[in-house]
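Dear colleague,

I am handing over the structure below, together with an account of what I found when going through it. Please read the notes with the coordinates open beside you.

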Amino acid sequence: MTAVAERRRKGRTPFRQRRRSAERIAALGVEMDLVRPEEVMHHVTEAVENGRSWCIANHNAHSVYLSQRDPEFAAFFDTADVIELDSTPIIFFTQLLGLHSRPFHRCTYLDWREHFWSLAQRNRWRVFYLGGEPGVAARAAERLTQGYPGALISTRHGYFDMSPEGAENEAVLAEIAAARPQILFVGMGMPRQEIWLLQNRHRLPPCVVFSVGAAFDYEAGVQVAAPRWIGRIGFEWLFRLAVDPRRLFHRYCVESWFLLAPAARDIAAAARAGRLFKRRNAMGLSPRKDGAPA
C-alpha cells in the first residue's frame, strides 16, 4: 500500500468517516471522490489549522481523456488526497451506472470560490497563485483583495521553464517558499499544472495545494465564467465552446469520442452487476420498493 493510500485510511474526522466507504467511485477508467464543495472546505480548513500538506485534484472529461494518453499526468491523481468531480455530464453518467452520485457533488473552483475566500478573509490565510499570463494573476489578486482584504495573496505568472532543477523552476520554488503559503493554487492548465505538481510537490512548504486551471483568469476578467445554473444542468461546456471555439473545439468535439470505449465497458459492467439505471443511496445500497435501503 502506498503512503498516500495509507494516509487516506487514517486520521479521518467523523465528518468524513460517516461517508468514506462509498465516497470514492471509479468510472471511465479513473477514480473520483463524491464530495460537496462545503466538505472540501471543511478539510481544507482542518489541514491549514494542523499545518498539513493536502492536495485537491479534479476530474472532468478533458482530464479523463488526458489520463488515457499521458502516464505522468495520470500518476498525479495517485498522489492527490481528494479528487473532485468537475463535470455534470459525468455525474449524469455515473447515475446511469447506478452509483450514488448527485448533482450537488459537482465541485470546482467556481462552485466553492465564495466560501473559500470568506474563509481566507476570516482566517487571514496566506494564498499563493501560480499561473496565468504575466500580469493576469496580479490583477486578479487586486480585485480579490478589494472584496476580501483579510486574505494575503501573492502571485507569480505561469510562463517559465519548468524543467526539474532548471534555473527558472528553482526561482519559482524559492518564491513560493519565501511566501510561506497556507494555500497554493496552481493554474497553468492541464496537463502542465498536474505534471509540475507531481514533479515538485515534495519540495513545497506544507500547504493545501489545488490544481485550478483558469481560476484567476476568471477573477481578472480575462475569461468569462458560465453562470452557475448552466453548469448545474450540464451545459457549461457548450457555453465555453461558444465563447472560445478555436481553443476548445478539439476538447469538446473530438476528445469526447475517445471516451465511448471506457463508457461502454462501464455500462456493460453495471449491467452485469444489475445496477444499471438503479439509483443508489450514499451507502452504495439500492433502495427497496418500500423506500427503505435494501
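**Two helix pairs**

The axes of helix 13 (residues 236–243) and helix 14 (residues 245–253) come within 7 Å and cross at roughly 145°, and the crossing in which helix 13 passes helix 14 is left-handed. On the helix 13 side the residues that meet the partner are W237, R240, L241, A242 and V243, and on the helix 14 side they are P245, R247, L248, F249, R251, Y252 and C253. Please bear in mind throughout that this is a predicted model.

Helix 5 (residues 71–79) and helix 10 (residues 192–200) form another pair, with axes that come within 9 Å and cross at roughly 60°. Angles from 65 to 115 degrees would count as roughly perpendicular and those under 35 degrees as roughly parallel, so helix 5 is oblique to helix 10. Here too the crossing, with helix 5 passing helix 10, is left-handed. Helix 5 contributes E72, F73, A75, F76 and T79 to the contact, while helix 10 contributes E194, I195, L197, L198 and Q199.

**The chain as a whole**

The protein chain has 15 helices and eight strands, and buried residues make up 50% of its 294 residues. Of the contacts in the chain with a separation of 6 or more, 73% are accounted for by residues 24 or more positions apart.

As for confidence, the chain averages a pLDDT of 88, and 87% of the residues score at least 70. Two stretches call for caution. Over residues 1–8 the pLDDT stays under 50, and the model has 15 contacts for them beyond four places in sequence. Over residues 282–294 the pLDDT is likewise below 50, and this stretch has 21 contacts in the model beyond near neighbours in sequence.

**Nonpolar cores**

In soluble globular proteins, nonpolar side chains tend to be buried together. In this model the largest nonpolar core has 42 residues, and the members that touch the most other members are L130, I176, L184, W196 and L204. Leaving aside its neighbours within four places in sequence, I176 is in contact with F128, L130, P181, L184, W196, L204 and P205. A second, separate core holds 38 residues, among them W54, A140, Y148 and F185.

Another buried position worth a look is T45, which lies in helix 3 (residues 37–49). T45 has a relative accessible area of 16%, and since buried means under 20%, T45 is classed as buried. Not counting residues up to four places away in sequence, T45 touches L119 and W125.

**Backbone geometry**

Most residues other than glycine have a negative phi, and most peptide bonds are trans. Against that background, three places deserve to be checked in the coordinates.

- L28 is not a glycine, yet has a positive phi of about 60°. L28 lies in the loop between strand 1 (24–27) and strand 2 (30–33), and with a relative accessible area of 6% L28 is buried.
- R180, which is not a glycine either, has a positive phi of about 45°, and R180 is found in the loop between helix 9 and strand 7.
- The peptide bond from M190 to P191 is cis, with omega near 0°. P191 lies in the loop between strand 7 (183–187) and helix 10.

**Two serines in loops**

Which residue lies 9.3 Å from S163 in space, C-alpha to C-alpha? That residue is Q199, which is 36 residues apart from S163 in sequence; Q199 is also one of the helix 10 residues in the contact with helix 5. S163 itself lies in the loop between strand 6 (152–156) and helix 9 (167–179), and at 35% relative accessibility S163 counts as partly exposed, because that value falls between the 20% limit for buried and the 50% limit for exposed.

S256 lies in the loop between helix 14 and helix 15 (260–273), and at 33% relative accessibility S256 also counts as partly exposed. The C-alpha atoms of S256 and V64 are 9.5 Å apart in space, although the two residues are 192 residues apart in sequence.

With best regards

Conventions. Residues numbered from 1 in each chain as written. Predicted model: local features only at pLDDT ≥ 70, side-chain atom pairs only at ≥ 80, totals over all residues. Heavy atoms only, no water. pLDDT = per-residue confidence, 0-100. Contact = heavy atoms within 4.5 Å. Core = buried A, V, L, I, M, F, W, Y, C linked by side-chain atoms within 4.5 Å. Buried < 20%, exposed > 50% of the residue type's maximum accessible area, 1.4 Å probe, protein only. Axes fitted to C-alpha atoms, helices over the stretch in contact; angles between N-to-C directions. Helix = DSSP H or I, 4+ residues; strand = E, 2+ residues; numbered from the N terminus. Parallel < 35°, antiparallel > 145°, perpendicular 65-115°, else oblique. Left-handed = near helix turned anticlockwise from the far one by under 90°.
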